[in-house]
Amino acid sequence: MRRAEETQGTGMSLDLDSRPLEEQDNPPPVPVTSGSHLFEDGPKSKTKMNPSKPAVLTLTRSADNECPPLPFRIGFADDPSAEKLTGAAPAGRVKAAFPDDQPSTAEAEYFSHNEALLNPEVMQMQILPNYSSCTPDLSVSVIQETASLPNDYSGGLVQSASIESVSDEETNEEFVIPEAFLVEETAPVEVLDVGVAELVEPDPRMVTFALKKYHIIVVLAFIAVVGIVLATGLSINARGNIDTPELLQSSFLTSSKPSVLPSSRRPSVFSSSLQPSVVPTSLSIRYVIEKNVLQRNVTFDGMETTNSRFLALTWITEVDQRKLLASDSQLFQRYILVLLNFELNLSWLSNGNECEWLGVECDSNGLVIGLNLDDFGLHGMIPPEIGMLQYMQMLSMKNNSLFWTIPSELGNLRELSELILHTNQFIGTIPSEIGQLASLTVLSLYSNHFTGGIPCELGSLPQLSLLYLNSNNLNGMIPPEIEELTSLTDLDLQKNRLKGTVPSKLGNLQQLSRLSLHSNDFTGTIPSEIGELSLLTFLDMSLNQFIGAVPSELGNLQELSWLYLYANNFTGALPTEIGNLQQLSVLYLYSNNFTGTIPSEIGRLTLLTILDMSLNHFIGDVPSELGNLQEISLLLLRSNNLTGSLPTEIGNLQEVLELHLYSNGFNGTLPTEIGQLHQLSKLYLISNNFTGTIPSEIGRLTLLKNLDMSLNQFTGAVPSDIGNLQELSQLSLYSNNFTGTLPTEIGLLKSLTDLSIQSNQFVGRVPSEIGNLQQLTVLRLNHNMFTGTFPINIQNDLNLVVFCLQNNNFTEILPAKTETDYTCLD
């Protein structure tokens, strides 16, 4: 190798012939030479850069290169073999110019550094070529404008990536790259922290630098390098990674670490930040974590040693057997997870890879993409540093005891698709920064203590399909921006304090299948536009203050299965279009002010299992079409003004479990078809005007548990078939006109707990078989015409709580305690 001639000058500039190599004058050859044989004969000379003449830097790539962006770093530093300068290296500016077909705006200032944690002698710049076309050769013109560069300055231009050759432009003489600077991905080497021309993500097949036009000679003594490395303890760790121009410009002043991660690896945000290497490892880690991870201006200075952030730093630097360096691409990620461990009382800490910790999901590159911490017994506050896990796609911490506020830094997780934090103890407002999560599909925050309004910024989530904000203390109105959530399928706002009218623009949410506004303070009418939600299967507007008539447009909801309108102030007749909802399974209309008759069109809802029209002002007869509801399990018509007799078609309701008809004006006899309701467990006929006798067919209802026929005008004797009701626990026949004797079969009702038959005209003796009813606690026989001696076994064998016998014709006076110890209501 020949040495470059030394020249004097006050400045240095670097120009570039931007033409392709084949068009340049005397283009240099691009030899490929191995550097493995170097230093066999001792140290070689240091490459010198002539400070008084311009130089050319050309990056040549093979024609089959896939042309990824190739950021690289150029550094200027003292020649270690020359006499040291007094003070720091001079400051100045470096500009990069590119050919017209390869535009870029790369420009960077470089300064001398005198901070305690930084090398005071190294100056360097980083350039990210920004080109769209793929050409075999990329040429870059670099111009250095220095201020008062000393005449005796001897700048070293040395590469530290896998560069294969350097040649002199005038003589075409090839210089073999010193082996010490050939950094292999699998075998990083310690190299001097001096100025470098570094390829941040080199093509693994071929990258060649040629230095042309003026004298540039590359010779560096291996012994000198090793000696300085040992003396200063400087090191370059080949594990960094730079992924964006912004990070390049923020980190080049402090980092001289080469990055040799393959370009196929996903870039890590953690490896592109400050990476000082000239201080002890623990201080470097503390510095980069404080500058790049800690949020809200928090520093380690003066921090309590019990603080979770300090505990995490201590564990990383003193306990963790992985002994990560400040430049390690996984450092920030591991620190944040350790911080979560201390903050939320996890039991993660181990020396293994953090991707193996329970609930942590990583991609193939070892980057955290998910945290599933459901039902972990977590207790504490989510630290804002979690917002640095920028590749997170799923964060789920439901069913824990997390408290305080949700950190606004979650808005930095731009790849997050699922945020699930329901069933915790969060307070405060929902951070508006969640509106920045453009990839979010699921937002579940229900069952917390959030206050304030629904952030209008949530309207900026175009991918959101599930929004669960129910069971909080949210107030205000539904923001109109909600109409922008055109991907929304589930919207649950129930159990809050929301008010105002429901915006008609909800009709724009054409993908909506579930809408719940239950238990709020909404007013006004139901907007007719709700009828445009053709995919809606669930609609709950109950427990509000809605008024007016139910819009007939609801009949357009052909897919609707559940409709809850109860506990409002709806008025008017039920629209006949309700009969169009042929997929309807549940219809709750109770506790409103509906009037008019029950529309016969309801009989078309053949899939209906629950119909509750109680506590309204419906009038007229029960339509016989209700007999078509053969899937019905609950038919609740109580507390209306219904009249007439029950239609015989009621016997078609073979699946009905509960039939509530009380507090109406029904009259006539009970149809014998009632005996066909073999699944019936509760029959409430109380407070009507039924007449006639109890049909014996009632004995077929062998699953009946509650039979209440009180406060009617039934007559005649109780049929002995009543003894077939082995599951009966309540038999209430009071306040009718029953006559005759009680059948002895009543003693077969072994499950009976309440026998209330007062205020009738029963005669004869009380059957002693009642003493067999060991479950009986309430016995009301008062205000009848019973005679004879009261069976003593009933009083002695049963643990009666209510025992009423007064106003009968018993021949024997009962013990006084019977009358004084038990309360009997007529």
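## Parallel sheets, a big core and two loop residues

Strand β21 (residues 475-476) runs parallel to β23, and two bridges hold the pair together. That's a handy place to enter this predicted model. On the β21 side, glycine 476 has leucine 498 of β23 as its bridge partner. β23 also pairs with strand β25 (residues 521-522), again in the parallel sense and over two bridges. Put together, this gives an open sheet of three strands in the order β21-β23-β25, with parallel pairing. β21 and β25 are the edge strands, each pairing on one side only.

Here are some bridge partners, including one from another sheet that comes up below.

| Residue | Bridge partner | Strand of the partner |
|---|---|---|
| glycine 476 | leucine 498 | β23 |
| lysine 499 | aspartate 521 | β25 |
| glycine 500 | phenylalanine 522 | β25 |
| threonine 571 | asparagine 593 | β31 |

Which residues of β23 are buried, and which are not? Strand β23 (residues 497-500) alternates: Leu498 and Gly500 point to one face and are buried, while Arg497 and Lys499 point to the other face and are not. In general, side chains of a regular strand alternate between the two faces of the sheet. As for the bridges, buried Gly500 is partnered by phenylalanine 522 in β25, and Lys499, on the other face, by aspartate 521.

Another open sheet of three strands has the order β27-β29-β31, also with parallel pairing. Its edges are β27 (547-548) and β31 (593-595); each has a single partner strand, so one side of each has no neighbour in the sheet. Strand β29 (residues 569-573) runs parallel to β31 and is joined to it by three bridges. One residue with a partner across this pairing is threonine 571, matched with asparagine 593 in β31.

Zooming out, the protein has seven helices and 49 strands. Of its 826 residues, 56% are buried. Among contacts between residues at least 6 apart in sequence, 59% join residues at least 24 apart.

Now for the core. The largest nonpolar core has 160 residues, and Tyr335 and Leu371 have the most contacts inside it. The elements giving two or more residues to this core are α3 (281-292), α4 (308-319), α5 (331-344), β12 (360-362) and β13 (368-372). Which element gives the largest share? That would be α5, with nine residues. Leaving out residues up to four places away in sequence, tyrosine 335 touches Ile289, Val293, Leu294, Phe300, Arg309, Ala312, Leu313 and Ile316. Apart from this core lies another, of nine residues, with Tyr566, Ala567, Leu634 and Leu636 among them.

Helix α5 deserves its own look. Its 14 residues reach 20 Å from the first C-alpha to the last, close to the 20 Å expected at 1.5 Å a residue. The helix is mostly covered, with 13 of its 14 residues buried. Just after α5, asparagine 345 takes a positive phi of about 60°.

Two loop residues are worth setting side by side. Serine 710 sits in the loop between β40 (706-708) and β41 (713-716). Is serine 710 buried or exposed? Its relative accessible area is 0%, so serine 710 counts as buried. A polar atom of its side chain lies 3.3 Å from the backbone oxygen of serine 732. Beyond residues up to four places away in sequence, serine 710 touches Leu685, Ile686, Ser687, Ser732, Leu733, Tyr734 and Asn736.

Threonine 811, by contrast, is exposed, at 62% relative accessibility. This residue lies in the loop between β49 (809-810) and α7 (816-821). Setting aside neighbours within four places in sequence, threonine 811 is in contact with Gly788 and Thr789. Threonine 811 and glycine 788 are 23 residues apart in sequence, yet 5.2 Å apart in space, C-alpha to C-alpha.

Before you build on any of this, check the confidence. The mean pLDDT of the protein is 74, and 64% of its residues reach 70 or more. Over residues 173-280 the pLDDT is below 50, though this stretch has 370 contacts in the model beyond near neighbours in sequence. Residues 816-822 also have pLDDT below 50, with ten such contacts in the model. Where pLDDT is low, the predicted coordinates should not be read in detail.

Note on methods
Residues numbered from 1 in each chain as written. Predicted model: local features only at pLDDT ≥ 70, side-chain atom pairs only at ≥ 80, totals over all residues. Heavy atoms only, no water. Core = buried A, V, L, I, M, F, W, Y, C linked by side-chain atoms within 4.5 Å. Buried < 20%, exposed > 50% of the residue type's maximum accessible area, 1.4 Å probe, protein only. Helix = DSSP H or I, 4+ residues; strand = E, 2+ residues; numbered from the N terminus. Contact = heavy atoms within 4.5 Å. pLDDT = per-residue confidence, 0-100. Polar contact = N/O pair within 3.5 Å; in protein donor to acceptor, adjacent residues only side chain to side chain. Pairing = 2+ DSSP bridges. Expected span 1.5 Å × (residues − 1).
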